[in-house]
Amino acid sequence: MAAPTLARAPQRTAKPQKHSVDHPSRLRRRIRENLTAYAFLGAGLICFALFSWYPIVRGILLGFQQVTFARPSTWVGWENYQRLFDDPLFATAWKNTGYFTLLALVFGFVAPFATAVVLNEFRHARSYLRMTVYLPVMLPPIVTMLLWRWFYDPGPGLFNNVLEMFHLPAQQWLESENLAMVSLVLVSTWANMGTTTLIYLAALGSIPGELYEAAELDGASIRQRLWHVTIPQTRFILMITLLLQIIGTMQVFVEPYVLTGGGPNDATVTVLLLLYRYAFVYNDFGMASAMSTVLFIVLGLFAAVYLRLTRSKG
Amino acid sequence: MAGIQSRRRLIAAGIACALSAGLVACSSETTGVGKDGVVTITVNGMPPKTQPVDHKYFVEDIKAFEKAHPKIRIDAREGQMDPKTFSAKLAGGQLEDVYYVYFTDPSGLIQRGQGADISKYVKDMPYYDQIKKDYLKVFTGPDGGLYGLPNGQYSLGLVYNRALFKKAGLDPDKPPTTWDEVRAAAKKISALGDGTVGYADYSKNNQGGWHYTAWVYSMGGDIAVKEQGRWKAAFNSDAGRKALQMLHDMRWTDNTMGTRQLLQIEDVQKMMGAGKLGMYMAGPDNIPTIVKQFEREYEDYGVAGMPNDNATLGGGSGFMFNPKASPEKIKAGIEWLQWKYLNPDRTEFEDKRASSNDVPIGLPLDRLLTGGAAAKQDAAHRTYANVPQGNYKPFIERNAQLEQKVEPPNAQQIYTVLDGLMQAVLTKKDANIDQLLADAAKKVDGILATVK
């Protein structure tokens, strides 16, 4: 049993010796040959480190400090997190954000897919229709919010006037605790569905036509073609947009900030709105950073799933 | 090699130069005193160029000040206290040496060490002993130090539309003096129809909390009280309950507050400017905003004192000092503030200049100064008044009788909670007022526990 081991031993030692002689020069040569590439890579890395990684690390550290910017920050351990979890609005904000995300998925996930399927069937005026669907994305968010504020106005607002035309009771779109969040989701869906619709349209366009032809020859109905061809063929894209949508909608801010200010009765206080209040209303950057770290971790989990999915597909 | 070495030396020398230049710059930044003995201070509060007359006056004032004080240079910036940028400016060394604040801000800023103690520099300041003590209290820290100076003050009353009063059969010269009278007047104004709202109030972005505070004061209550050295919520009381009940009744029983809620100051001013609102709670300084923005006439608007005979909320603004400012800069800053904002010797000149350019003079804004200084200012205001002072008589007569109460500590955080109370009664017909008050008081107790 000992002989083979001894026989292999010189080979093992010989290899590193060869490396130690040849490797440095080869490495130097390789570096020289790729110097330009490394320079580009280095510039990119420096930019990332400076503008992406450093703020993240600094943000996490601030969560453990009392920050005033007037004097050096002091370490307070987990105090900010403790205060955060003691704040009754913290739980409310997460609950509201979860509710918004859920509603946004119901509206924002189904509506663009349905729109894309319908648009895909059109043979004429395709570009025009696509542009029409994408138009709201091009509006600045504040314009969108002000427009919808008028839609929702309980007095001269568009929606209540339409309801009145059909002799239906007027609604307190933003003033009712039950309706406010749904109203915000509608704004968000309208404003953002153009992008998702275009992604779905691209996915639908990549489905081989033969599949539909074969299905048609087999006598499949529209519903069956949708169920057995379209959805399986776009499953991966659907999954990716679902995750991206979760990540995006959990960061909802502009809608509640402009339209409701978190009201009525805290019904639309979201995580980002509360974070904003800590940072820019109360000037408590320690608390705001602690809260952003919690949000970072939660979103990080979804991002990890996203990466895993895209990697496995790749 | 020699070339590389000399290049390295050159780089090293360059870095050394840059560092030393930076140090020199830092040292001059520390004192702010140039070689010629001139102190340069940065100040904000300069009106933007979109307000050409105010901007022009400010620039003129700087020139006049610098002429009178050759050893001080003013580097003026537009803008006032903006919590969104304040910390970033402070962290980045961009915060002005003398910066504008509202009365809600000083307690928090002092607690966080974001203002400089100016106590020892104000002793010889002209008219210092004639500044109202209540307003100096706003800038006094828990250590007894003074951290700023006031420059403007208001107290809340009722701004009302005189034309709508007449149309509704109400006497515009005898506006309501109790909340019951406000309620009755609101009913008559709302009865005019065509979307006219009798009374409107804020309930969003902390402005609801601010107004609820004024409501509670006017009902004879308090938002927070200090007992045995500790602050406690005090609005879960008869006064707090009455205020919410009155708002609830006006909104849901009388339907005199309109259907649209979650309003803030701009929304209500717009309603008033459009001639669709009868009354709202505000300081007299709201009137020029409405007149200018919506091209209305001063004659259309009156201001009444806060209803009931208890108290009104007094707020205002002032200036604090960058904690990193040198003693020389602080001294120069105090000279500027006194000369520009707390100077009865310049009031006549300012009023004369302003009245000739259609800038309102004679609005019933409260006085920062007392005694001889106040008398001097009053005389000038009387001479150059260009707004209908009779319209403000109800405010002037009643306001003097009311106790002026300032905002509670950690006001902005408390107002966030109190916003919820306003929103609840204005958006929920079945709001449980007792439960709302108990929950809000618990939250506010938590906020007040951090006050030193």
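Which residues of chain A do ring pairs link into a cluster? I would like to start there, and I should say at once that what we are looking at is a predicted model. The cluster is made up of Trp148(A), Trp150(A), Phe151(A), Tyr152(A), Phe159(A), Trp173(A) and Trp190(A), joined by ring pairs.

Let me take one pair from that cluster, Trp148(A) with Phe159(A), whose rings sit edge-to-face at 5.6 Å centre to centre, with 80° between the planes. Trp148(A) belongs to helix H6 (residues 141–152) of chain A, while Phe159(A) belongs to helix H7 (residues 158–165) of chain A, so this pair ties together parts that are 11 residues apart in sequence. Trp148(A) is also buried, its relative accessible area being 6%.

Turning to chain B, Phe65(B) and Trp339(B) likewise form an aromatic pair, again edge-to-face, with 5.4 Å from centre to centre and 65° between the planes. Here Phe65(B) comes from helix H2 (residues 52–68) of chain B and Trp339(B) from helix H12 (residues 327–341) of chain B, so the parts tied together are 274 residues apart in sequence. Both Phe65(B) and Trp339(B) are buried. For context, the count over all chains comes to 40 aromatic pairs.

Now to the interface, where 30 residues of chain B are in contact with 29 residues of chain A. How much area do chain B and chain A bury between them? The figure is about 2,500 Å², with 48% of it on carbon and sulfur atoms. On the chain B side, Lys84(B), Arg112(B) and Arg260(B) together supply 21% of the area buried against chain A, which is more than any other three residues.

Arg260(B) comes up again when we look at charge, since Asp153(A) forms a salt bridge with Arg260(B), the closest N and O atoms being 3.5 Å apart. In total, 4 salt bridges are found across the interface of chain B and chain A, along with 13 residue pairs in polar contact, both residues being at pLDDT 80 or more.

Which elements give two or more residues to the side of chain B that touches chain A? They are helix H3 (83–91) and helix H16 (411–427) of chain B, and H16(B) gives the most, with 7 residues. Sorted by class, that side of chain B has 7 nonpolar, 14 polar and 9 charged residues.

Technical notes. Residues numbered from 1 in each chain as written. Chains lettered and ligands numbered in written order. Predicted model: local features only at pLDDT ≥ 70, side-chain atom pairs only at ≥ 80, totals over all residues. Heavy atoms only, no water. Contact = heavy atoms within 4.5 Å. Buried area = accessible area lost by both parts, 1.4 Å probe. Salt bridge = Lys/Arg side-chain N within 4 Å of Asp/Glu carboxyl O. Polar contact = N/O pair within 3.5 Å; in protein donor to acceptor, adjacent residues only side chain to side chain. Helix = DSSP H or I, 4+ residues; strand = E, 2+ residues; numbered from the N terminus. Nonpolar A, V, L, I, M, F, W, Y, C, P; charged D, E, K, R; others polar. Phe/Tyr/Trp six-rings, centres within 6.5 Å; stacked < 30°, edge-to-face > 60°. Buried < 20%, exposed > 50% of the residue type's maximum accessible area, 1.4 Å probe, protein only.
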